[in-house]
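Trainee: I have a model open and would like to learn how to read it. Can we go through it feature by feature?

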Amino acid sequence: MVQSELLSSFKHEKNKRFSLLQIWNDDDQDEFLKLILTDYLNYWTGKYSLEEIKKFSNLNDFDINGIKQQFIDAFATDFQNFSLKVEGLETKKLEIKKVLESEIKVKVISIELKIASDSSLLAEEIFDFSIRKIKNLQKRNELLENEIQELREQKNEAVESLRECVNQKEVMEFDLYSKFVQILNEKKSKIRELAKSDE
C-alpha cells in the first residue's frame with residue numbers, strides 16, 4: 001500500500017497552536033485521506049474517500065495529484081502562497097486557498113472534521129507517527145554519520161597518499177638534480193680538456 005504521512009504544526013485563530021496529521025492512502029479509494037487535527041486539548045478527525053475529496057475541492061478539472069500536492073505543500077511550507085481558515089467547535093471546517101498574483105485566492109479544498117469523543121486513540125496515532133519519524137531520522141542520521149566517517153577516512157588516505165607523492169617527487173627531483181649536476185660537471189671538464197687541447 002502506498003501511504004504518505006505528514007505531521008505539521010501551525011498557529012491559527014489568535015496564534016492558537018494546532019497540529020495536523022495527514023495520512024494519504026493512494027491505493028485505498030474508500031479511505032483515501034485521513035486527518036487528525038488537535039489544539040492539544042481537543043482532537044478532530046475525518047476520513048475521506050476519493051469521491052469525497054473530489055466533492056470538497058473546487059477544481060472543475062479534477063486532478064487528485066494536484067489537490068494532494070497543494071494540500072501537502074500548504075502545510076509543509078507554512079502556508080507560503082496559501083491561506084488557511086480553521087473554524088468551528090464541535091465540527092472544525094478546514095479550508096485551504098491558493099493565493100495567486102494580485103491577492104486572488106482560489107479554493108483548493110474545504111473539509112469538515114468531527115470532534116472525537118475519545119481522543120486517546122488519536123493521540124496515540126500522532127505519538128506513533130512521531131516515534132516512527134524519530135526512529136527513521138535516527139537511522140538516517142546514523143547512515144549519514146557512517147558516510148561522513150568513510151569520507152573522512154578516504155580524505156585522510158588521499159592526504160597521506162599525496163604526502164607520499166610529494167616526498168617521492170622531492171626525492172626524484174633531488175636524484176635528477178644530482179645526476180644533472182654530475183653530468184654538467186663532466187661536460188664542463190670535457191669542454192676544458194678540449195679547449196686546452198685546441199690551444
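Trainee: Which residues form a nonpolar patch on the surface?

Mentor: First, a caution: this is a predicted model. The patch consists of Leu100, Ile104 and Val106. Together they have about 230 Å² of accessible area.

Trainee: Where is Val106, and is it buried or exposed, or something in between?

Mentor: Val106 sits in strand β7. It counts as partly exposed, because its relative accessibility is 32%. The cut-offs are under 20% for buried and over 50% for exposed.

Trainee: Let us take the sheet. In what order do the strands run?

Mentor: Read across the sheet, not along the chain. The order is β1-β2-β3-β4-β7-β6-β5. These seven strands form an open sheet, and the pairing is antiparallel.

Trainee: Which are the edge strands?

Mentor: They are β1 (3–12) and β5 (82–87). Each of them pairs on one side only. From one strand to the next, the twist averages 20°.

Trainee: How many bridges hold the individual pairs?

Mentor: Take three pairs in turn. β2 (residues 16–25) and β3 (residues 33–38) share six bridges. Trp24 stands opposite Leu33 of β3. β4 and β7 are joined by two bridges. There, Trp44 has Ile115 in β7 as its bridge partner. β6 and β7 pair over nine bridges. Here, Val99 is partnered by Lys105 of β7.

Trainee: What connects β6 to β7?

Mentor: The two strands form a hairpin, with five residues between them. Look at Ser102 in the turn: its phi is positive, about 60°.

Trainee: Why does a positive phi deserve a second look?

Mentor: Because most residues other than glycine have a negative phi. Tyr40 is another case, with phi near 75°. Tyr40 belongs to the loop between β3 and β4. It is partly exposed, since its relative accessibility is 45%.

Trainee: Now the helices. Which strands does helix α2 lie across?

Mentor: For a helix on a sheet, ask which strands it crosses and at what angle. Helix α2 (residues 64–76) lies across β1, β2, β3, β5, β6 (91–99) and β7 (105–115). It runs at about 150° to β2.

Trainee: And which strands does helix α3 lie across?

Mentor: Helix α3 (residues 120–198) lies across β1, β2, β3 and β4 (43–48). Its angle to β1 is about 110°.

Trainee: How many salt bridges does the structure hold?

Mentor: Eleven. The general idea is simple: side chains of opposite charge can pair when their charged atoms come close. In this model, start with Glu51 and Lys54, whose closest N and O atoms are 3.4 Å apart.

Trainee: Why are Glu51 and Lys54 separated by about one helical turn?

Mentor: Because they are three residues apart in helix α1 (residues 50–56). Then check the surface. Glu51 is exposed, with a relative accessible area of 52%. Lys54 is partly exposed, at 34%.

Trainee: Which salt bridges can I look at in helix α3?

Mentor: Among them are two with an N to O distance of 3.5 Å. One joins Arg163 and Glu160. Those residues are three apart in helix α3, about one turn. Glu160 is partly exposed, at 38% relative accessibility. Another joins Asp175 and Lys179. These lie four residues apart in helix α3, again about one turn. Asp175 is partly exposed at 36%. Lys179 is also partly exposed, at 45%.

Trainee: Which residues are linked in a network of salt bridges?

Mentor: Lys85, Glu95 and Lys97. Find them, then turn to Ser83 in strand β5.

Trainee: Is Ser83 buried or exposed?

Mentor: Ser83 is buried, because its relative accessible area is 17% and the cut-off is under 20%.

Trainee: Which residues is Ser83 in contact with, leaving aside its neighbours within four places in sequence?

Mentor: Ser83 is in contact with Glu95, Ile96, Lys97, Val99 and Lys105. Two names should be familiar: Glu95 and Lys97 belong to the salt-bridge network. Val99 and Lys105 came up too, as bridge partners.

Note on methods: Residues are numbered from 1 along each chain as its sequence is written. This is a predicted model: local features need pLDDT of at least 70, side-chain atom pairs count only at pLDDT 80 or more; totals for chains, interfaces and linings use all residues. Side-chain values use heavy atoms; hydrogens and water are left out. Two strands pair if DSSP finds at least two bridges between them. Axes are lines fitted to C-alpha atoms, for helices over the stretch in contact, and angles run from 0 to 180 degrees between N-to-C directions. Contact means heavy atoms within 4.5 Å. Patches are made of residues with over 30% relative accessible area and no salt bridge: like charges are joined within 9 Å, nonpolar side chains (Val, Leu, Ile, Met, Phe, Trp, Tyr) within 5 Å. Accessible areas come from the Shrake-Rupley method with a 1.4 Å probe; for residues, only the protein chains shown count as cover. A salt bridge is a side-chain nitrogen of Lys or Arg within 4 Å of a carboxyl oxygen of Asp or Glu. Buried means under 20% relative accessible area, exposed over 50%, partly exposed in between (1.4 Å probe, protein chains only).
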